[in-house]
Amino acid sequence: MNTDFNHYYQQVRRKQKRDTLLWSLTLVALYLAAGNIAEFNLHTVWTAMPHFFDYLVQTVPILHWRQLFDNVHTAGSLAYWGYRLPIQLPLIWDTLHMALASTILSVLVAAVLAFLAANNTQSPMFLRWSIRTLVAFLRTMPELAWAVMFVMAFGIGTFPGFLTLALHTVGSLTKLFYEAVETASDKPVRGLAACGAGPISCMRFGLWPQVKPVFLSYSFMRLEVNFRLSTILGLVGAGGIGQELMVNIKLDHYDQVSITLLLIVLVVSALDYISGKLRKWVVEGNN
C-alpha cells in the first residue's frame, strides 16, 4: 500500500515539475518576444538611465539658507518658490472634489451593476451579458479619449473631468465587484433561500456582508487612482491641478513643476492614510 502511494506521489511530483518547467519556459519565451516587439534593450536602458534624472534635477528649487524665510520677492526663499500656492491650493481642492464626487457616484452605480452582473445572483442572462459588455466598453476606452470628447462637448473645466473619471471608474469597479461577488460563499445564500428569503434578501444578508470589505478596499484604492488620473486629464483641459502642472511643464517653469508634484504626492499620501483608517473603522467597528 505504501509502495503504491509513494509511486503515485512521485508521479504527481514529476508531473508538477514538468508543468512548472513548461509554463516557466512559455513565460520566458513570451517575455522575450514581447520585449523584442517593444524594442526593449537593457544596454539602452543602462546608458540612458542617467539622463532620466536630468529633468528632475532641473525641477529642484534653488533655495538659500540665509534667505530661506524671506518674503515672496526674494529669490531663494520658500515664499519665492511657492508664490503660486494661492492658485495651486484651490486647484488641488477642486481636483480632490472631482475625484471624490466621481468615485462616490461610481461606487454606488458599480455596486448595483455588480450584483446584477454576477453569475450567482439569479439575474437574467441577457441582463448579465448586457452589463458586462457595457462596462467592458467603459473601461476599454482610454481616459484621455473620454476627456477629449467631453471637453469638446462641455468646454474646459472640471465637469468633463468628473464625467471621464465616473465612466471609467464604473467600468473598472463593476468588473472587480462582480468577480468578488462570484467568489463569495453560497452557503449563507442557500440557508436564507431555504428559509423563504427572496433574491434581494439573499444578496443583502447572504452576499453583501462577505464582499463589503473587498468593495471598500477597491473603492478607496480607486479614489487614489482617480486623483492621480485627474492630474493627467489636465493635459486636455479637464481642469484641476493637472492643468496647472501641464502649463508649467510647457512653459519650463521647473520650480513650479516641483512644488505642484510635491502637493500631489502629499495629497495622495494623505488619502492613503485616511482611507486605511476609514476602511479599518468600517470593517472592524469603532474599536
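How exposed is Arg132, judged by its relative accessible area? Arg132 is partly exposed, with a relative accessible area of 24%; here buried means under 20% relative accessible area, exposed means over 50%, and partly exposed lies in between, using a 1.4 Å probe and protein chains only. The structure is a predicted model, in which local features need pLDDT of at least 70 and side-chain atom pairs count only at pLDDT 80 or more, while totals for chains, interfaces and linings use all residues. Residues are numbered from 1 along each chain as its sequence is written, and side-chain values use heavy atoms, with hydrogens and water left out.

Charged pairs make a friendly place to begin. Side chains of opposite charge can pair when their charged atoms come close. A salt bridge is defined as a side-chain nitrogen of Lys or Arg within 4 Å of a carboxyl oxygen of Asp or Glu, and a search of the whole structure finds four of them. One joins Arg132 to Glu182, with the closest N and O atoms 2.3 Å apart. Because Glu182 lies in helix α8 and Arg132 in helix α6, this pair ties together parts that are 50 residues apart in sequence. (Helices are DSSP runs of H or I with at least four residues, strands are runs of E with at least two, and both are numbered from the N terminus.) Glu182 is partly exposed, at 29% relative accessibility.

Another salt bridge links Arg84 and Glu244, whose closest N and O atoms are 2.8 Å apart. Arg84 sits in the loop between α4 (78-81) and α5, while Glu244 belongs to helix α11, 160 residues apart, and the pair thus links distant parts of the chain. Glu244 counts as buried at 7% relative accessibility. Several other residues of helix α11 (residues 241-250) are buried too, including Ile241, Leu245 and Met246. A more local salt bridge is formed by Lys175 and Glu179, with the closest N and O atoms 2.8 Å apart. Both lie in helix α8, four residues apart, about one turn of the helix. Lys175 is partly exposed at 28% relative accessibility, and Glu179 is partly exposed with a relative accessible area of 34%.

Arg128 tells another story. This residue is found in helix α6 (residues 125-140). Arg128 is buried yet has no salt bridge, and the nearest side chain of opposite charge, Glu182, is 6.4 Å away; in this count Lys and Arg are positive, Asp and Glu are negative, and His and the chain ends are left out. What does the side chain of Arg128 make a polar contact with? The partner is the side chain of Asn119, at 3.1 Å. A polar contact is a pair of N or O atoms within 3.5 Å; within protein, one must be able to donate a hydrogen and the other to accept it, and residues adjacent in sequence count only if both atoms are side-chain atoms. In addition, the backbone oxygen of Ser123 lies 2.5 Å from a polar atom of the Arg128 side chain.

Aromatic rings come next. Rings of Phe, Tyr and Trp (its six-membered ring) pair if their centres lie within 6.5 Å; planes under 30 degrees apart count as stacked, over 60 as edge-to-face and the rest as tilted. The structure holds nine such aromatic pairs. The rings of Phe115 and Phe215 have centres 6.1 Å apart and planes at 55°, so this pair is tilted. Phe115 lies in helix α5 (residues 85-117) and Phe215 in helix α10 (residues 199-233), so the pair ties together parts that are 100 residues apart in sequence. Phe115 is buried at 12% relative accessibility, and Phe215 is buried with a relative accessible area of 4%. By contrast, Trp146 and Phe150 have ring centres 5.9 Å apart and planes at 15°, so their pair is stacked. Both Trp146 and Phe150 are buried, and ring pairs link them with Phe137, Phe154, Phe159 and Phe162 into a cluster.

Phe115 and Phe215 appear again in the largest nonpolar core, among the members that touch the most others of its 26 residues. A nonpolar core is a set of buried Ala, Val, Leu, Ile, Met, Phe, Trp, Tyr and Cys residues joined through side-chain atoms within 4.5 Å. Helices α5, α6, α7, α8 (158-182) and α10 each supply at least two residues of this core, and α8 gives the most, with seven residues.
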